[in-house]
Amino acid sequence: MKRPVFFVLLLCFGFQFTSSQEWMTNLGIAQRLAQVQNKMVLMVWEESTQYQYPVYVYNQKGNKVLIYNLFEDEEISPLIWEHFVPVIVSEYEYEKWYNKLKGKRSLAYMNKFNDDSIKILDINGNILNVTSFTDEIQNVSKIIQKYSLNTAFMQSELETYKNEKSFYSAYFLASKYLDMSLYLHRDARKEIVKLSDIYLKEAVGFVGDEKEADKDVLKQRCVLLEIQQSLYLKRPKRVIRRLKKMKEKDVLESNKPFVAFLYYTAYMSLKESEKAEAWKSDISSLNLKKAELLINLNS
């Protein structure tokens, strides 16, 4: 069988497909492989490999076992490869990467970026596990349980954004991450919402590239998506408060169905069905199904 060009490229870079695969050392290649395999990237800085890096892992009996060096143990390597694409990134990449992030990320994000702990990245290099507490010795099994995500759900949005960064590709990816969070554990959901917000902020930055006649609509749509984040964090009262601050006359026509969706979902989440009913007729059948998922989440 003829191998796809991408896998031929991997072999050219010296990547071997073996039962106990070594970590990759090229972030770009790792990201492309993660895209093909619908996985997240597990990344550490090269300096972390210069000393013993102990981690915990649960064995088949559920007992916690100490692995003395994450980068040399032949048993843990296949486990990591099963769930992530692991990569060691050279310190020479640090400054270039840092300059891209400087002033665009939170202090917590930059602290995570700078430290020696395991970082879980999406295929675009954005860190997911920003707020996760880092123990002195990390538990790889817990990392897998929380962050081993199958990104096939958002494959199209990830590919579109990867091919061309624009308002629409960033906005739809932000929205898709929110939808994905519905199917995750509560703790992981909070971090996915924060990851989504990175793309939403990018979308806001791209508004200026769109047609003048569309800019106000798109800016408002971003505000509404930001309000929607609170539904995924089980804060429907906050959604109502923020919506009420928007005057009805200021809601642009094309965004009215979005506003209706938010009001309906928030009121139903608060078990105020009479108030919710006033908005239901303006919502599509597809968004009613989505509303139902959010209402169940907030119950």
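Which residue takes a positive phi in the hairpin of strand 2 and strand 3? The points below address this and related features of the model, which is predicted.

1. The residue is Gly62, whose phi is positive, near 85 degrees. The hairpin has five residues between strand 2 and strand 3. These strands run antiparallel and are joined by four bridges. Within this pairing, Tyr56 stands opposite Leu66 of strand 3.

2. Strand 2 (residues 55-58) also pairs with strand 6 (residues 138-139), here in the parallel sense and over two bridges. Tyr56 takes part again, with Asn139 as its bridge partner in strand 6.

3. In a regular strand, side chains alternate between the two faces of the sheet. Strand 2 shows this alternation: Val55 and Val57 point to one face and are buried, whereas Tyr56 and Tyr58 point to the other and are not buried.

4. Helix 14 (residues 285-298) has 14 residues, so at 1.5 Å a residue it should span 20 Å; its end C-alpha atoms are 20 Å apart, in agreement with that expectation.

5. The buried residues of helix 14 are Lys290, Ala291, Leu294, Ile295, Leu297 and Asn298. Because they cover an arc of only 155 degrees around the axis, they lie on the same side of helix 14. An α-helix has 3.6 residues a turn, so residues three or four places apart point the same way. On the other side of helix 14, Ser285 and Lys289 are exposed.

6. The packing partners of the buried residues of helix 14 are helix 8 (167-181), helix 9 (186-206), helix 10 (215-232), helix 11 (236-244) and helix 12 (256-269).

Technical notes: Residues numbered from 1 in each chain as written. Predicted model: local features only at pLDDT ≥ 70, side-chain atom pairs only at ≥ 80, totals over all residues. Heavy atoms only, no water. Expected span 1.5 Å × (residues − 1). Buried < 20%, exposed > 50% of the residue type's maximum accessible area, 1.4 Å probe, protein only. Arc of directions from axis to C-beta. Contact = heavy atoms within 4.5 Å. Pairing = 2+ DSSP bridges.
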